[in-house]
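Biologist: I am new to this structure, and before I read anything into it I would like to understand how its terms are applied.

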Amino acid sequence: PSRLTTPASCGLRLRKSNPLAAEGSSLGLTAPRATCARTAWTRQEGQRRPQLAHTRGSPLHIRCLAGVVATGARGHRRARPPPRDLAPVLFRASVPGPQSPAPTLLAIIRKALSEEKRVSTKTSAADLVTETDHLVEGLIISELQERFPSHRFIAEESAAAGAKCVLTPSPTWIVDPIDGTCNFVHRFPTVAVSIGFAVDQELEFGVIYHCTEERLYTGRRGRGAFCNGQRLQVSGETDISKALVLTEIGPRRDPATLKLFLSNMERLLHAKAHGVRVIGSSTLALCHLASGAADAYYQFGLHCWDLAAATVIIREAGGIVMDTSGGPLDLMSCRVVAAGTREMAMLIAQALQTINYGRDDEK
Ligand SMILES: O=P(O)(O)O[C@H]1[C@H](O)[C@@H](O)[C@H](O)[C@@H](O)[C@@H]1O
Ligand SMILES: [Mg+2]
């Protein structure tokens with residue numbers, strides 16, 4: 001398999017035992033070795049953000065992510081690979097063994113999960129963020145930026161700090177460093193990292209890692225969707241009265257929004273859905289849909305970083321992702337309906353009342 005050369009201080013290779021091996025062999029993946037990173041915190045425009053410098057032997061070693069290969073150009077690292085030739089595999093998933101003191105991205109999240117956290121709020125009292133969200137986002141972006149200096153990024157905590165969320169035709173990584181931050185704060189073990197990639201405003205691939213259950217979901221346009229190497233397939237259910245439906249509450253708690261949220265749930269229960277579940281992570285709920293463990297998902301108030309990776313995974317598992325109007329998905333519209341079948345998606349869309357959260361690209 002091809003082996004990408006990385007800068008001396010941040011070599012990354014993927015293990016053969018990586019859960020992606022089945023898919024990975026066709027992508028030319030190789031085993032991981034340590035990446036070293038040093039973090040320093042500085043205040044910029046009132047925000048606390050990580051500045052990263054890759055330094056071998058620095059106190060914080062991060063073996064975090066990314067074997068990225070150009071399948072059409074094996075063995076060549078390109079500053080800007082041809083869009084269709086990119087395939088991702090992100091995350092060194094395992095906690096390091098005793099001989100390896102370097103924490104993985106996953107280890108950082110898992111360690112922080114069990115510790116006290118400094119929690120801040122963003123758009124509402126229920127919209128939470130921690131230092132770990134910032135740290136993980138900084139690590140992911142710096143790693144990818146080093147490999148692909150011309151690529152663009154849309155990332156949750158950067159957006160919260162004022163960065164614009166505009167999806168241009170340029171290759172763009174769309175990152176949610178921790179999805180399920182409220183769960184993370186409460187130590188509720190449903191937390192994920194989500195990274196999507198778009199070129200020409202089209203979603204090319206997505207990777208979602210379930211941090212506590214060590215499940216790696218991947219989807220690549222035209223190449224299928226997998227969980228730990230097992231192919232994913234959505235359910236074929238078309239009847240709401242036989243459906244398990246998932247949703248998320250969204251960040252707002254004002255009475256008008258809550259009334260609409262509860263009324264939408266009530267409408268689906270009146271339609272005799274078997275259940276409507278809220279698990280606290282949009283990306284993992286969407287992965288459950290992709291794996292056939294649920295039949296539909298809808299939400300108002302989610303963001304492009306909740307949707308980007310999951311959309312590829314669901315589509316590649318045979319599912320439908322659309323706008324709540326029944327039209328095509330608009331990644332920036334802060335709303336979605338997804339289902340295993342078009343019939344189910346349309347039934348859900350027809351049952352819903354709109355909750356207007358605005359657009360990601362107008363904030
Ligand atoms: O945890 P974050 O990344 O803030 O994502 C949340 C998402 O943006 C919301 O729409 C969902 O309702 C939450 O469950 C997600 O966790
Ligand atoms: Mg998040």
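The talk below takes a few labels in turn and sets each against its definition.

Modeller: This is a predicted model, in which local features need pLDDT of at least 70 and side-chain atom pairs count only at pLDDT 80 or more, while totals for chains, interfaces and linings use all residues. Residues are numbered from 1 along each chain as its sequence is written, chains are lettered from A and ligands numbered from 1 in the order in which they are written, and side-chain values use heavy atoms, with hydrogens and water left out.

Biologist: What makes E156, D176 and I178 donor residues of the magnesium ion (ligand 2)?

Modeller: Donors are N, O and S atoms within 2.8 Å of the metal (3.2 Å for Na, K and Ca), and the magnesium ion (ligand 2) is coordinated by E156 (OE), D176 (OD) and I178 (O) at 1.9 to 2.1 Å. Water is not among the atoms, so the site may look incomplete. Since E156 lies in helix α4 and I178 in strand β8, the pair ties together parts that are 22 residues apart in sequence; helices (H or I, at least four residues) and strands (E, at least two) are DSSP runs, numbered from the N terminus.

Biologist: Why are E156 and I178 called buried?

Modeller: Buried means under 20% relative accessible area, exposed over 50%, and partly exposed in between (1.4 Å probe, protein chains only). E156 has a relative accessible area of 11%, so it is buried, and I178, at 1%, is therefore buried as well.

Biologist: How do you know that R187 is partly exposed, and what is notable about its phi?

Modeller: R187 has a relative accessible area of 42%, so it counts as partly exposed. R187 lies in the loop between α5 and β9, and its phi is positive, about 65°, although R187 is not a glycine. Most residues other than glycine have a negative phi. D200, in the loop between β9 and β10, also has a positive phi, near 55°, and at 44% relative accessibility D200 is partly exposed.

Biologist: What makes the 40 residues a nonpolar core?

Modeller: A nonpolar core is a set of buried Ala, Val, Leu, Ile, Met, Phe, Trp, Tyr and Cys residues joined through side-chain atoms within 4.5 Å. The largest has 40 residues, and among those that touch the most other members are I154, I208 and Y217. Helix α8 gives the most to this core, with nine residues.
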